Amino acid sequence: MKINSKIKLVSLILALVMAIIPLSSCSDSGGAKNDGEEENKVTLASPSIGIGRPSQSGDGPSNDPAADTGIVICIDPGHGFMDGGCGEGIEALGGVLEKEINLAIANMLDEDLRHMGYTTIVTHNGKDIPSWDTNKNNIFSASERVVYVNTLDIDYLVSIHVNSNSDTSISGLWICYEQNARKQNDWSEKIAQSISSAITENGLDVAKNVLKSEYSLALTRETYAAASLIEIGFATNVSDAARMLDPEWQSLLAQSIADGIDDYFKGGDN
């Protein structure tokens, strides 16, 4: 046998062997564990739309998309980039940062609303710092978000956040809104109430579901569109933290927020 023929034969054998042996995964979804890796490592729902979401009868909503409603919803995942929010140093979150939780839920909400026929605008994707970071410090601040949101022609703004408190016994979900002279409509309180009702009706496991109108925040105070900022729970509370790290709970919360928004706009009160 000639040398070239031997080389070709060896190459063929190696190719067949590589095709048979499965490659180990390096992703968060599985694969061989490294020595010393924690067995109970928390895995958040993927911040990529429709990927890693808990499946009922498939990934994400199973019905055909609804007709276009003509309504535009802006979704704001709180914090991001160099601003991790709360989480670092909070034992109950196990090293997971608020920005990761916010983004995962925001992307699920985006998927749900688009499936219901809404046009959505997400303020950031967690990867590319928006041009509205005017001081170029890789922190998309609340004031910068207000400026950006106020350039948009939207019907509603919803921002996702995680709460914290030095008192670890405090728990529960807050829906913060503010109605003032800046607002171009009077939907803020009505939609906040609708979201609160949907959370209750969907059986979402939260200690408290509280509307906060007196809690003044830049995104709800300074924006022109009706808005709410949802503090999904307290990272400093063990029970709340466990819920917000659960992808199935994240999914149900996103669906409940979408249901509340949809119930209001489909109800014809606007």
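Here is a short chat about the helices and nonpolar cores of this predicted model.

Trainee: Which element gives the largest share of the largest nonpolar core?

Mentor: That core has 44 residues. Several elements each supply at least two of them, including strand E1 (72–77), H2, strand E6 (227–234) and H7. The largest share is eight residues, and the element behind it is H7.

Trainee: What span does helix H2 (residues 98–115) reach, and why is that what we'd expect?

Mentor: Take the 18 residues of H2 at 1.5 Å a residue, with the span counted over one less than the number of residues. The expected figure is therefore 26 Å, and the distance between the end C-alpha atoms agrees with it: 26 Å.

Trainee: How many of the residues of H2 are buried?

Mentor: Buried here means under 20% relative accessible area. By that cut-off H2 is mostly covered, and of its 18 residues the buried count is 15.

Trainee: Which residue caps the N-terminal end of H7?

Mentor: H7 covers residues 247–267. A side-chain oxygen lies 3.0 Å from the backbone nitrogen of Glu248, and the residue that carries this oxygen is Asp246.

Trainee: Which residues of H7 does Ile232 touch, leaving out those up to four places away in sequence?

Mentor: Ile232 is among the residues that touch the most other members of the largest core. Its contacts include Ile101, Ile105, Ile160 and Met244. H7 runs over residues 247–267, so from the contact list we pick those with numbers in that range: Trp249 and Leu253.

Trainee: How many residues are in the other core?

Mentor: Val72, Cys74, Val149 and Leu157 are among its members. This core lies apart from the largest one, and its residue count is 12.

Terms used: Residues numbered from 1 in each chain as written. Predicted model: local features only at pLDDT ≥ 70, side-chain atom pairs only at ≥ 80, totals over all residues. Heavy atoms only, no water. Helix = DSSP H or I, 4+ residues; strand = E, 2+ residues; numbered from the N terminus. Polar contact = N/O pair within 3.5 Å; in protein donor to acceptor, adjacent residues only side chain to side chain. Buried < 20%, exposed > 50% of the residue type's maximum accessible area, 1.4 Å probe, protein only. Core = buried A, V, L, I, M, F, W, Y, C linked by side-chain atoms within 4.5 Å. Contact = heavy atoms within 4.5 Å.
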